[in-house]
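Here is a short set of questions and answers on one protein model. Look at the sequence and the fold, then read on.

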Amino acid sequence: MNIRSKVLLTILIAGICQLFLVNYVFASEESERMALYKKTSAVTDIPWYYFAAIDQYERQIHDDPPEYRVTAIQPDPLFWNGIDYPSMFFPSGWGASGNGDKKIDITNDEDILWSLGNYIKSYGTTKDDIRIALWNYYKRDLTVQTIMNTAKVFKKFQTVSLEDRDFPLPLEANYSYNNTWGDARGFGGRRIHEGTDIFANYGVPVKSTTYGVVEMKGWNEYGGWRIGIRDIFNIYHYYAHLNGFKDGVNVGDVVKPGDVIGSVGATGYGPPGTSGKFPPHLHYGMYQDNGEHEWSFDPYPYLKRWEKLAREQ
Ligand SMILES: [Zn+2]
């Protein structure tokens, strides 16, 4: 074997090893997280998927947690200490030691989950109790709704590994779309166009692109018949101008990628039922929430990616 082959072989082996290592680290990190949620659940009576949902929510609003951390939860020091500054001597907040070392550490995952669990449990362990506890903790409706939705998704699928995606229309349908994000609207006033229009025939099925919960369904003057789904990454997916909704799809339902939610239409720009003022298309919008406010971003690159993924399946 000459030197060049040896170098190439070494690179190849290193590459394969890294691939395995990355997969292994990723899988083990998730099982470590799950073990921690379940352990805390066993000692606090708060179902594991609420801890998972709180962690998932905070994962989206903070930078990645440091290496030594398993969860992304960052308690407010005021919640933790009970007073405005960190006191080592007279803490009167919810911070407590959950890992048996007697030290109360605001950066220790076990201490954090244990303290949070005890705090929530002080309100009770039913869904409504937990919702009230979360509201008093975050003091923001959208945050509470997002966490409750995510918990529902985790409960249904019994895992936090929910990475699948789908393209909103069947690939065999006759459709077309361009990157029109930010263009001036043809209809609807001066707001910029917040989404991608996918043109297709009346009645082509419209599918959820993600795991999530149906948060809104109904008529809007501009959007026509439309559905909003909040996913587990603090992203709201908006499907507008539908011809109609799939039977049985209701607000509060858990959906997965590929679930049919309605069909392509041309509704909107008038009182309920108005249709045909423009060619049939699906208006698809995406909105990110960072824990303080929500903003629209361009779905086009994601649609391209999901279309490619769907084609490869
Ligand atoms: Zn549109």
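**Helices, core and strands**

Q: How many residues does helix α5 have, and what distance does it reach from its first C-alpha to its last?
A: Helices (H or I, at least four residues) and strands (E, at least two) are DSSP runs, numbered from the N terminus. The expected span of a helix is 1.5 Å times one less than its number of residues. Helix α5 covers residues 127-138, and its reach is close to the 16 Å expected at 1.5 Å a residue. The count and the reach are 12 residues and 16 Å.

Q: What kind of model is this, and which pLDDT do local features need?
A: Residues are numbered from 1 along each chain as its sequence is written. The model is predicted; side-chain atom pairs count only at pLDDT 80 or more, totals for chains, interfaces and linings use all residues, and local features need pLDDT of at least 70.

Q: Which residues of α5 are buried?
A: A residue is buried if 20 or more other C-beta atoms lie within 10 Å of its own, exposed if 12 or fewer, and partly exposed in between, with C-beta atoms placed from the backbone. The buried residues of α5 fall within an arc of 100° seen down its axis, so they line one face of the helix. That arc is taken over the directions from the helix axis to the C-beta atoms. The buried residues are Ile130, Ala133, Leu134 and Tyr137.

Q: What covers the buried residues of α5?
A: Contact here means that the C-beta atoms of two residues, placed from the backbone, lie within 7 Å. One contact of this kind joins Tyr50 to Ile130, and Ile130 is one of the buried residues of α5. The cover includes α2, α4 (109-121) and α6 (141-157).

Q: How many of the 13 residues of α4 are buried?
A: The end C-alpha atoms of α4 are 18 Å apart, which agrees with the 18 Å expected at 1.5 Å a residue. Its buried residues include Asp109, Asp111, Trp114 and Tyr119. The helix is largely enclosed by the rest of the structure, because the number buried is 10 of 13.

Q: Which helix gives the largest share of the largest nonpolar core?
A: A nonpolar core is a set of buried Ala, Val, Leu, Ile, Met, Phe, Trp, Tyr and Cys residues joined through C-beta atoms within 7 Å. The largest one has 61 residues, and those with the most contacts inside it include Tyr50, Phe51, Tyr239 and Leu282. The largest share is 8 residues, and it comes from helix α2 (residues 48-61).

Q: From which domains does this core draw at least three residues each?
A: Domain bounds come from an automatic or database domain assignment. In soluble globular proteins, nonpolar side chains tend to be buried together. This core draws at least three residues from each of domain 1 (3-157) and domain 2 (175-312).

Q: Is Ala72 buried or exposed?
A: Ala72 lies in the loop between α2 and α3. Its contacts, not counting residues up to four places away in sequence, are Asp55, Glu58, Arg59, His62 and Pro65. With 20 other C-beta atoms within 10 Å, Ala72 is buried.

Q: Is Lys102 buried or exposed?
A: Lys102 sits in the loop between α3 (77-81) and α4. Its phi is near 70°, a positive value in a residue other than glycine. Lys102 has 6 C-beta neighbours inside 10 Å, so it counts as exposed.

Q: What is the phi of Lys139?
A: Lys139 is found in the loop between α5 and α6. Lys139 is exposed, with 9 other C-beta atoms within 10 Å. Its phi is positive, in a residue other than glycine, and is near 55°.

Q: Which residue stands opposite Val213 in β5?
A: Two strands pair if DSSP finds at least two bridges between them. Strand β4 (residues 212-220) and strand β5 (residues 224-231) pair in the antiparallel sense over 8 bridges. A hairpin of 3 residues joins β4 to β5. Opposite Val213 in β5 stands Arg230.

Q: Which residue in β9 is the bridge partner of Thr196?
A: Strand β2 (residues 196-200) has 4 of its 5 residues buried. β2 pairs with strand β9 (residues 281-289) in the antiparallel sense over 4 bridges. The partner of Thr196 is Tyr284.
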